[in-house]
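Q: Hi! I've got a new model open and would like to talk it through with you. Could you show it here so that we can both look?

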Amino acid sequence: MLDDQEIKRLLLRAAARDEGAAEAFGRLYRLTAALVLGVAQRVVGRREIAEEVLHDTFVKIWNAAGSFDPLANQPVAWMVAIARNRALDIVASADHARVESVTDLTTEGDSDEVLDRFFDWSENAAGPDEAEDLRRTRGFLRRCLGELAAVERQVLVLCYHHGMSHGDLAAHMAKPLGTVKTWVRRGMENLRECVEHCMDPGGAVRGGR
């Protein structure tokens, strides 16, 4: 359990930029790095990207330590907010290949629950036959997500896996709210159409858009 008072003391000492600032900042890093890394990894999904977020976060903390207000902010919460915002910036960036894809969710224990959020099919698995149908449908869903336009796939993953609202998406992608809503709606329509096409025994998955 982190001691807020100790973290606060180390932040203020680092902000002083005196002889002991670097040592205080080093101790701050050792005490909080695991927490910051965990926050980052929950958002970006990949260890190597989370480590990049960790580095960027502590650079930001070092540079912003002087603006930390001990009367207005809880120190650990302040640091976590910096980490989460940086992680969300990376997830919402145009560099889709660097963050977790929906296909990568197959390695997570709750991957099927994440996929079920797209169409709410989980309640249909009442017996062995239904469970097999659900398994096949999830496979179609993963496949069809890979065929969406990059921006459509991005906004759907951010909405359904990372829990971002339309307003959050618009802010992080620096796009108008109406544009983001259109991407989400179009992505869902294309995804549903593709999955339904796959479920048709005579159908075949269409080529990428």
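A: Here is the model, and below we go through its helices and a few of its residues.

Q: Great. What sort of model is it?

A: It is a predicted model, so please read everything below in that light.

Q: Noted. How many helices and strands does the protein chain have?

A: The protein chain has nine helices and zero strands. Going along the sequence, the pattern reads α-α-α-α-α-α-α-α-α.

Q: And how much of the protein chain is buried?

A: Of the 209 residues in the protein chain, 41% are buried.

Q: What about contacts with a separation of 6 or more: what share is between residues 24 or more positions apart?

A: That share is 63% in the protein chain.

Q: Let's look at helix pairs. At what angle do α2 and α3 pack?

A: Helix α2, residues 21-44, packs against α3 at about 140°, and their axes are 8 Å apart. The two helices are therefore oblique to each other. Their crossing is right-handed.

Q: Which residues meet there?

A: On the α2 side they are Ala21, Phe25, Leu28, Tyr29, Thr32, Ala33, Val36, Leu37, Ala40, Gln41 and Val44. The α3 side brings Arg47, Ile49, Ala50, Glu51, Val53, Leu54, Thr57, Phe58, Ile61 and Trp62. Sorted by class, the contact of α2 with α3 has 16 nonpolar, three polar and two charged residues.

Q: I spotted threonine 57 in that list. Where is it placed?

A: Threonine 57 is in helix α3, which covers residues 47-64.

Q: Buried or exposed?

A: Threonine 57 counts as buried because its relative accessibility is 1%, and the cut-off for buried is under 20%.

Q: What does its side chain reach?

A: The side chain of threonine 57 reaches the backbone oxygen of valine 53 at 2.7 Å.

Q: And which residues further off in sequence is threonine 57 in contact with?

A: Setting aside neighbours within four places in sequence, threonine 57 is in contact with Val36, Met79, Ile82, Ala83 and Arg86. Val36 is also one of the α2 residues that meet α3. As for valine 80, its C-alpha atom is 8.9 Å from that of threonine 57, with the two positions 23 residues apart along the chain.

Q: Changing topic: what is special about the phi of arginine 17?

A: Arginine 17 has a positive phi of about 55°, although it is not a glycine. Most residues other than glycine have a negative phi.

Q: Where is arginine 17, then?

A: Arginine 17 sits in the loop between α1 (4-16) and α2. With a relative accessible area of 40%, arginine 17 is partly exposed.

Q: Now the other end of the chain. How do α7 and α8 pack?

A: Helix α7, residues 150-160, packs with α8 at an angle of about 125°, and the axes are 10 Å apart. That makes α7 and α8 oblique to each other, and they cross in a right-handed way.

Q: What makes up that contact?

A: Val151, Gln154, Val155, Leu158 and Cys159 of α7 meet His166, Leu169 and Met173 of α8. By class, the contact of α7 with α8 has six nonpolar, two polar and no charged residues.

Q: And α8 with α9?

A: Helix α8 (residues 166-173) and helix α9 (residues 177-199) pack at about 115°, their axes being 9 Å apart. They are therefore roughly perpendicular to each other. This crossing is right-handed. In the contact, α8 contributes His166, Gly167, Leu169, Ala170 and Met173, while α9 contributes Leu177, Val180, Lys181, Trp183 and Val184. The class count for α8 with α9 is seven nonpolar, two polar and one charged residues.

Q: Back to α7 for a moment: what does valine 155 touch?

A: Not counting residues up to four places away in sequence, valine 155 touches Leu169, Met173, Trp183 and Val184. Leu169 and Met173 belong to α8, and Trp183 and Val184 to α9. Valine 155 is buried, with a relative accessible area of 0%. Its C-alpha atom is 9.9 Å from that of valine 91, and the two are 64 residues apart in sequence.

Q: One last residue: where does leucine 141 lie?

A: Leucine 141 lies in helix α6, residues 128-147. It counts as buried at 0% relative accessibility. Leucine 141 and arginine 192 are 51 residues apart along the chain, and their C-alpha atoms are separated by 8.5 Å.

Terms used:
Residues are numbered from 1 along each chain as its sequence is written. This is a predicted model: local features need pLDDT of at least 70, side-chain atom pairs count only at pLDDT 80 or more; totals for chains, interfaces and linings use all residues. Side-chain values use heavy atoms; hydrogens and water are left out. Axes are lines fitted to C-alpha atoms, for helices over the stretch in contact, and angles run from 0 to 180 degrees between N-to-C directions. Helices (H or I, at least four residues) and strands (E, at least two) are DSSP runs, numbered from the N terminus. Angles under 35 degrees count as roughly parallel, over 145 as roughly antiparallel, 65 to 115 as roughly perpendicular and the rest as oblique. A crossing is left-handed if the near helix is turned anticlockwise from the far one by less than a right angle, and right-handed if clockwise. Contact means heavy atoms within 4.5 Å. Ala, Val, Leu, Ile, Met, Phe, Trp, Tyr, Cys and Pro count as nonpolar, Asp, Glu, Lys and Arg as charged, and the others, Gly among them, as polar. Buried means under 20% relative accessible area, exposed over 50%, partly exposed in between (1.4 Å probe, protein chains only). A polar contact is a pair of N or O atoms within 3.5 Å; within protein, one must be able to donate a hydrogen and the other to accept it, and residues adjacent in sequence count only if both atoms are side-chain atoms.
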